[in-house]
Amino acid sequence: MIRLENLRKRYPNGHDAIRGINLEIKQGEMIFLTGHSGAGKSTVLKLIGLLERPSSGKITVNGTHLNELNSKQIPFYRRKIGMIFQAPTLLNDRSVFENLALPLRIAGFSGPETRSRIHASLELVGLLKKHAQLPLALSGGEQQRVGIARAIVSRPDIILADEPTGNLDPALSKDIMHLFMRLNQVGITLIIATHDLALIQPLNFRQIQLQQGKIIEPALKAGTKGRDL
């Protein structure tokens, strides 16, 4: 469960990206953050992922008060968080396998466990046969799938996705949403920031609309489950 309480984020230039957000996300829920560019969607994800710290307010994730975590504790917290961005930022001089292996090796997983997890993650995103290829040999949609596989290879409880379909055509975008729904069905909590309302409207998952750093309208009640595209 994720709870944001009177959350605020002001940057050094005086810009208030988040202005008093209160939000509760249930374990195993999938929600969409919507709103105009600069509404605060990405900032919310960064604060939950501890890429940034709030100026004030409180964030609680599965009973952990993020405000109380020190710099040494943050890497352990992030092992339960999978992060997906609009550009997957893969290491182009390393194979798909090596891109997924790196975070596991840093976390101290054994060789057999690393191979097992990579196999399962690539099979889920449909890229197992391309494990030896370099990212530049893949299409844009395939690269995004590798980014998703990298996010799930550590078997996180929560996935944070920031405009994950922003660079993809409509057909590939639907494929990625189908994949997210499959991940949600196995109990992963997903928070997805997107401006593509046409893509997400048919899904009937909860939408949280942001405007100028504030929540203005939750379109669906908490716990609402979606349907297929």
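Analyst: Let's begin with one term: a residue is called buried when its relative accessible area is under 20%. Please keep in mind that this is a predicted model.

User: Thanks! With that in hand, why does Asn99 count as buried?

Analyst: Asn99 has a relative accessibility of 3%, and the cut-off is under 20%, so Asn99 is buried. This residue sits in helix H3, which covers residues 96–106. Setting aside residues up to four places away in sequence, Asn99 touches Leu90, Leu91, Arg94, Pro135 and Arg150.

User: What makes the protein as compact as a globular protein of its length?

Analyst: First the make-up: the secondary structure consists of seven helices and 10 strands. The radius of gyration is 17 Å, close to the 17 Å that the globule rule gives for 229 residues, so the protein is as compact as a globular protein of that length. The C-alpha trace spans about 45 × 40 × 35 Å along its principal axes. Of the 229 residues, 44% are buried. Among contacts with a separation of 6 or more, 68% join residues 24 or more positions apart.

User: And what does the surface look like, in area and in charge?

Analyst: The protein exposes about 11,200 Å², and carbon and sulfur atoms supply 51% of that area. As for charge, there are 30 positive and 19 negative side chains, with the centres of the two sets 4 Å apart.

User: How many aromatic pairs does the structure hold, and what is the arrangement of Phe32 and Phe205?

Analyst: The structure holds one aromatic pair. The ring centres of Phe32 and Phe205 are 6.4 Å apart, and a pair needs centres within 6.5 Å. Their planes stand at 75 degrees, and over 60 counts as edge-to-face, so the pair is edge-to-face.

User: Which parts of the chain does the pair of Phe32 and Phe205 tie together?

Analyst: Phe32 belongs to strand S3 (residues 30–35), while Phe205 is in the loop between helix H7 (197–200) and strand S9 (206–211). The pair therefore ties together parts that are 173 residues apart in sequence. Both Phe32 and Phe205 are buried.

User: How do you know that helix H1 is largely enclosed by the rest of the structure?

Analyst: Count its buried residues: six of the eight residues of H1 (residues 41–48) are buried, so the helix is largely enclosed. The buried ones are Lys41, Thr43, Val44, Leu45, Leu47 and Ile48.

User: What is notable about the phi of Leu50, and is Leu50 buried or exposed?

Analyst: Leu50 comes just after H1, in the loop between H1 and strand S4 (56–61). Its phi is near 60 degrees, which is a positive value in a residue other than glycine. At 5% relative accessibility, Leu50 falls under the 20% cut-off, so Leu50 is buried.

User: Why does Arg155 count as partly exposed?

Analyst: Its relative accessibility is 44%. Partly exposed covers the range between under 20% and over 50%, so Arg155 belongs there. Arg155 lies in the loop between helix H5 (140–152) and strand S7 (158–162). The phi of Arg155 is near 55 degrees, again a positive value in a residue other than glycine.

User: What makes Arg115 partly exposed?

Analyst: The reasoning is alike: Arg115 has 48% relative accessibility and therefore counts as partly exposed, as exposed would need over 50%. Arg115 is part of helix H4 (residues 111–124). The C-alpha atoms of Arg115 and Asn22, 93 residues apart along the chain, are separated by 41 Å.

User: How do you know that Phe180 is buried?

Analyst: Its relative accessibility is 0%, and buried means under 20%, so Phe180 is buried. Phe180 is in helix H6 (residues 170–185). Neighbours within four places in sequence aside, Phe180 is in contact with Met30, Ile84, Ile148, Ala161, Pro164, Leu190 and Ile192. For Phe180 and Ile148, which are 32 residues apart along the chain, the C-alpha atoms are separated by 9.1 Å.

User: One last residue: why is Val146 called buried, and what does Val146 touch?

Analyst: Val146 has 0% relative accessibility, so Val146 counts as buried. This residue has its place in helix H5. Not counting residues up to four places away in sequence, Val146 touches Leu90, Val96, Leu100, Leu127 and Leu138. From C-alpha to C-alpha, Val146 and Ala132 are 12 Å apart in space and 14 residues apart in sequence.

Notes. Residues are numbered from 1 along each chain as its sequence is written. This is a predicted model: local features need pLDDT of at least 70, side-chain atom pairs count only at pLDDT 80 or more; totals for chains, interfaces and linings use all residues. Side-chain values use heavy atoms; hydrogens and water are left out. Helices (H or I, at least four residues) and strands (E, at least two) are DSSP runs, numbered from the N terminus. Buried means under 20% relative accessible area, exposed over 50%, partly exposed in between (1.4 Å probe, protein chains only). Contact means heavy atoms within 4.5 Å. The radius of gyration is taken over C-alpha atoms; the globule rule is 2.2 Å times the number of residues to the power 0.38. Accessible areas come from the Shrake-Rupley method with a 1.4 Å probe; for residues, only the protein chains shown count as cover. Lys and Arg count as positive and Asp and Glu as negative; His and the chain ends are not counted. The place of a charge is taken as NZ of Lys, CZ of Arg, CG of Asp or CD of Glu. Rings of Phe, Tyr and Trp (its six-membered ring) pair if their centres lie within 6.5 Å; planes under 30 degrees apart count as stacked, over 60 as edge-to-face and the rest as tilted.
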